[in-house]
Amino acid sequence: MQYLAKIIKGLTTITKWGALITLFLMMVVVAFTVISRGVFNTPIVGDYELVQLMMVVLVALGFGYSERVDAHVKVDLLVERFSRKTQTLLGILSYILVATICIVVGTIQFNAGLNALSTFLVSTSILHIPHYPFQFLLGIGFYMWGLESILKIIYSSIELFSGKIYQQSEGSDKNVS
């Protein structure tokens, strides 16, 4: 179990750093574009397309990390009124649904990327950057989100059946009784 968690968290950390580097590059492109237009009165061709594509990379690579740190939007208005055991059971059901949807969407994105790779039909209008690498990255992002959800299914199941509460921290799991 710890080995699986370590692998998933390692992969999620890699995608997190990819998202952070992409965010930094977006910041550099936008700053350079603003300086170029303001100081040199010269617009950069395709800057808008680059930022759009980087946004796709940023969001896709951030999915798994967002799931790991519970950064996705939740509404606990009704669920918080149930017992701890019922909350855990509902959490398991929701994580199963999330993992299933993420794996299906990730597979669809990968297949779309493979299809686009063989045809090279879809690309950006100005810079002619093909879309297929970004479809692969979206697939990876959804798979990482799904893997993090599967990890939460395992932790929640352990909590439900053994009574041990696992708190996930950034670095490692801490077993709290």
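Buried means under 20% relative accessible area, and I write that down before anything else because the first residue I looked up, Thr 124, is judged by that cut-off and, at 8% relative accessibility, counts as buried. I also note at the outset that this is a predicted model.

**Entry 1, Thr 124.** I looked for the place of Thr 124 and found it in the loop between α3 and α4. I then asked which residues Thr 124 is in contact with, leaving aside its neighbours within four places in sequence. The list I obtained is Glu 49, Leu 53, Ile 129 and His 131. Turning to the polar atoms, I see that the side chain of Thr 124 reaches the backbone nitrogen of Ile 129 at 2.9 Å, and that a polar atom of that side chain lies 3.1 Å from the backbone nitrogen of His 128.

**Entry 2, α3 and α4.** Next I took up the two helices that this loop joins, α3 with residues 84-119 and α4 with residues 132-162, and found that their axes come within 7 Å and cross at roughly 160 degrees. Angles over 145 degrees count as roughly antiparallel, so α3 is roughly antiparallel to α4. The crossing in which α3 passes α4 is left-handed. For the residues of the contact of α3 with α4, I recorded 24 nonpolar, 11 polar and 4 charged.

**Entry 3, α2 and α4.** How do the axes of α2 and α4 cross, and within what distance do they come? I find that they come within 7 Å and cross at roughly 10 degrees, and since angles under 35 degrees count as roughly parallel, α2 and α4 are therefore roughly parallel to each other. The residues of this contact divide into 12 nonpolar, 3 polar and 4 charged. On the α2 side I listed, among others, Leu 53, Val 56, Val 57, Phe 63 and Arg 68, and these belong to a set that meets residues of α4 including Phe 134, Leu 138, Phe 142, Trp 145 and Lys 152. I note that Leu 53 of this set is also one of the residues in contact with Thr 124.

**Entry 4, the loop between α1 and α2.** I looked up two residues in the loop between α1 (2-39) and α2, of which Asn 41 is one and Pro 43 is another. Asn 41 counts as exposed at 67% relative accessibility, and Pro 43 likewise counts as exposed, at 52%. The phi of Asn 41 is near 55 degrees, a positive value in a residue other than glycine. I kept a reminder here that most residues other than glycine have a negative phi. From Pro 43 I followed the chain to Val 57, which is 14 residues apart from it in sequence and 24 Å apart in space, C-alpha to C-alpha.

**Entry 5, the loop between α2 and α3.** The loop between α2 (47-68) and α3 holds Val 75, and the place of Asp 70 is in this loop as well. Is Val 75 buried or exposed? With a relative accessible area of 67%, Val 75 is exposed, whereas Asp 70, at 41% relative accessibility, counts as partly exposed. Asp 70 has a positive phi of about 55 degrees although it is not a glycine. Finally, I checked Val 75 against Ile 35, 40 residues apart along the chain, and found their C-alpha atoms separated by 42 Å.

Technical notes:
Residues are numbered from 1 along each chain as its sequence is written. This is a predicted model: local features need pLDDT of at least 70, side-chain atom pairs count only at pLDDT 80 or more; totals for chains, interfaces and linings use all residues. Side-chain values use heavy atoms; hydrogens and water are left out. Axes are lines fitted to C-alpha atoms, for helices over the stretch in contact, and angles run from 0 to 180 degrees between N-to-C directions. Angles under 35 degrees count as roughly parallel, over 145 as roughly antiparallel, 65 to 115 as roughly perpendicular and the rest as oblique. A crossing is left-handed if the near helix is turned anticlockwise from the far one by less than a right angle, and right-handed if clockwise. Ala, Val, Leu, Ile, Met, Phe, Trp, Tyr, Cys and Pro count as nonpolar, Asp, Glu, Lys and Arg as charged, and the others, Gly among them, as polar. Buried means under 20% relative accessible area, exposed over 50%, partly exposed in between (1.4 Å probe, protein chains only). A polar contact is a pair of N or O atoms within 3.5 Å; within protein, one must be able to donate a hydrogen and the other to accept it, and residues adjacent in sequence count only if both atoms are side-chain atoms. Contact means heavy atoms within 4.5 Å.
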